[in-house]
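Student: Please take me through one part of this model closely, starting from the aromatic rings and what surrounds them. I would like one connected account, with every term explained.

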Amino acid sequence: MLSSSLFVTLGLIVSVILFAPPVRRVLISDRLLKIFRRILPQVSQTEQEALDAGTIWWEGELFSGAPNWYKLLAYPKPKLSTEEKAFLGGPVEELCRMLDEWTITRELHDLPPQVWQFIKTNGFFGMIIPKKYGGLGFSALAHSEVVMKISSRSGTAAVSVMVPNSLGPSELLLQYGTEEQKDHYLPRLAKGVEIPCFALTGPEAGSDAGAIPDTGIVCHGQHNGDEHVLGIRLTWEKRYITLGPVATLLGLAFKLHDPDGLLGGEEDLGITLALIPTNTPGVNIGRRHFPLDAAFQNGPNSGKDVFIPLDWVIGGRDGVGYGWRMLVNCLAVGRSISLPATSTGAAKLATRTSGAYGRVRVQFKTPIGRFEGVEEVLSRIGGNTYMMNAARVMTAGAVDLGEKPSVISAIVKYHLTERGRQAINDAMDVHGGKGICLGPSNYLGRGYQQIPVSITVEGANILTRNMIIFGQGAIRCHPYLLREISAANDRNAERASQHFDKALAGHVAYTLSNGARTFLHGLTGGTLASAPGSVAPETQRYYSQLTRFSAAFAFLADISLLTLGGALKRKERISARLGDILSMLYLCSAALKRFEDDGRPTADLPLLHWSVQDALYRMQHAFEGLLNNFPGKAATASLLRFMVFPLGTAFSPPSDKVSHEVAKLMLSAGEARDRLTEGIFIPDSADEPLSVLEQALQCAEVCDAVEAKLRAAVKTGRIPAEGEEKISAALKQRVITSNELELMAGMKSLRRRVIMVDDFPPDFGTNSIASATATESAPVAPLPADA
């Protein structure tokens, strides 16, 4: 009796603590608030503005531990307008025909003058500028499609078009410029009258852009004949500034100081942005950088004691000190589009060419693409490309829905550039000597050289993975953490106590719920995890497994934050692994959404299976790395491991069977291959290397039937196995027709043209630039009409 009374009493006490907020606040929350304030890491103003930047979209669902998949599937499929499609099929197609990357990078080291003029005349610099200012007013998806298509033809042109439409004066003016600034500059930028660049990075401030040493001092000076203009005297040194050497309008980031109080506020006003015509006295546009044999315009610039009027600050006087906030908000959009598009274009080119080359190139009497080792590489190229394009399109769609996805932009920037690098590296392995010999017929070499450029810009990839994805995502996406931090920073004691208590109660319930579901899903292999009933039956298991891993991720993220507190900021590898899990959850979501949006094409199932299975395995690997290196006592890590993987790890890389199916898809012309590489430039000129490769692939497929008949005749003894007698006998025995013989001769010629590489005179590179010899350019017999 006493025992039961004791349990009832204890139950009542616990109930009062848990469900009576005033009591809970006194006994628990207020005490924890003091501790929380003590361990909360110091956050600089620039860090806080980065944390506040952008919006939360689907990544918030993934962080919840229980994603609402119906919400994902309900997002409209991103689509191009009729006008945007016409632009891609018209000016973009024409621009690509004008581009010869070998001439651009080897001979001119720049785009030809007529190409620059074509870009300006056709509004390529004004894709994001609204029509009322003379721009094209395109969607984020159209912007992405244009950059992707151009990048499959010329990295130089893609970067030149990309930069004015990404983080730079146009985007900053649209979001933060005064009406006078918009009316003056946007029409000029849209038509290419002004060529913009944006100068942020300097010798002493690369990844740590908030530490820029460049300064501006508020003062009075001379401008346009007026001796007493309120303005800023600037001194700066920048480098790596794309389009800098040819820019007419310089966007500049600097730290502004007001020692004389001319603006009536604090002395240190913070990072500020200004637009400066490059012909302003004192502006020094330096020489050019030479980034990995790329020819896009990139270089340093500087200025010393350059005076500008205050109304050159973006946003005017109201924009003073708000520069970093402007940058991180615009970066959330720009980083979502440009580099994911260029990387996907490179991957699609790698996919289309590697599949065709693997079918056309024959060794040991077998197309090299049918060797299992090459199949493995081809499947990796194709699977990565499928997922990359899915993430590119879904992210652009989010921007068109009005989102500024700062966390997602970091995910796609890092993972798509890394997968693009993997695809190009793999393509080089498939092509072998064809890939490493530079010349007009090499369609991969320049991309291979230049792919590290995308790895280093808009947030270096090491920094992005280790510090930004989870570091920013944990605070922005967590349903309670940001509220707790806001309460801890609230100086109103009563309000802070109430808000912290409410957030803490929700946080505890959230963590316990995710912990329980993590263990339950682990015990059942995820079979009880939610999956939408409306999706394809072949994919339902994937949704369940992602729900399982979402719960485990949310639970371990909370445990990591609780265990490490502010020290998690310094535990970059822990943060990186958590970021990898969140990233894989997003990429899988995009792949599954793509499959549904495309109408569930059965032929694409191998690509979907490969990409999602690969990501699930990577997620499992990230969980293992996190648990194996979890700080603190080994018992804690063991308990967490048991909760996440109570039955052990179960996921493997994509099977050989799946890899074979992906490679088979890439080795054959067809709708699936076309969907996988949709949107890149395919030349229509018969002499173009890529056109010859496409012709050879089509011819090889037609020749398959002829070769099958020859093999069958050899096997039955109707014709000899080798030599010229084989073909003569085949014709005589009517095993093949004269048309089929002509077809095989054409295939032999095409194959020869595909595998040959460029050669040059012995003095190449030492005197004047020589042209490559036109190797193996004999005309090819056309396919028979019935082929």
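Tutor: What follows starts with the whole chain, turns to the ring pairs and the core, and ends with a few single residues.

This is a predicted model, in which local features need pLDDT of at least 70 and side-chain atom pairs count only at pLDDT 80 or more, while totals for chains, interfaces and linings use all residues. Residues are numbered from 1 along each chain as its sequence is written, and side-chain values use heavy atoms, with hydrogens and water left out.

The chain has 29 helices and nine strands; helices (H or I, at least four residues) and strands (E, at least two) are DSSP runs numbered from the N terminus. Its C-alpha trace spans about 100 × 95 × 45 Å along the principal axes. The radius of gyration is 30 Å, which agrees with the value near 28 Å for a compact globule of 787 residues. That radius is taken over C-alpha atoms, and the globule rule is 2.2 Å times the number of residues to the power 0.38. Of the 787 residues, 54% are buried. Buried means under 20% relative accessible area, exposed over 50%, and partly exposed in between, with a 1.4 Å probe and protein chains only.

Contact means heavy atoms within 4.5 Å. Among contacts between residues at least 6 apart in sequence, 76% join residues at least 24 apart.

Now the rings. The structure holds 18 aromatic pairs. Rings of Phe, Tyr and Trp (its six-membered ring) pair if their centres lie within 6.5 Å; planes under 30 degrees apart count as stacked, over 60 as edge-to-face and the rest as tilted. Trp57 and Tyr75 form a tilted pair, with 4.7 Å from centre to centre and 40° between the planes. This pair links distant parts of the chain, 18 residues apart: Trp57 sits in the loop between helix H3 (45-52) and helix H4 (58-64), and Tyr75 in the loop between helix H5 (69-74) and helix H6 (82-98). Trp57 counts as buried because its relative accessible area is 7%, and Tyr75 counts as buried because its value is 15%.

Another pair, Phe623 with Phe645, is edge-to-face, at 6.1 Å centre to centre and 85° between the planes. Here too distant parts of the chain are linked, 22 residues apart: Phe623 lies in helix H23 (residues 605-628), and Phe645 in the loop between helix H24 (634-644) and helix H25 (656-666). Phe623 is buried at 0% relative accessibility, and Phe645 is buried at 6%. Elsewhere, ring pairs join Phe87, Phe118, Phe124 and Phe138 into a cluster.

Phe623 also belongs to the largest nonpolar core, which has 133 residues. A nonpolar core is a set of buried Ala, Val, Leu, Ile, Met, Phe, Trp, Tyr and Cys residues joined through side-chain atoms within 4.5 Å. The members that touch the most others are Trp58, Phe63, Phe553, Tyr586, Met619 and Phe623. Leaving aside neighbours within four places in sequence, Tyr586 is in contact with residues including Trp57, Trp58, Leu62 and Ala391. A second, separate core of 59 residues includes Leu88, Cys96, Leu99 and Ala142.

Helix H4 also holds Glu61, which is buried at 17% relative accessibility. Its side chain reaches the backbone nitrogen of Asn68 at 2.9 Å. Not counting residues up to four places away in sequence, Glu61 touches Ala66, Pro67, Asn68, Lys71 and Ser550.

Ala729 is in helix H28 (residues 724-732) and is likewise buried, with a relative accessible area of 17%. Ile719 is 10 residues from Ala729 in sequence, and their C-alpha atoms are 5.6 Å apart. Beyond neighbours within four places in sequence, Ala729 contacts Ile719 and Pro720.

Last, two backbone angles. Most residues other than glycine have a negative phi. Tyr240, in strand S3 (residues 226-242), has a positive phi near 65°; Tyr240 is partly exposed, at 47% relative accessible area. Asp293, in the loop between strand S6 (283-285) and strand S7 (298-309), has a positive phi near 70°.

Key. Polar contact = N/O pair within 3.5 Å; in protein donor to acceptor, adjacent residues only side chain to side chain.
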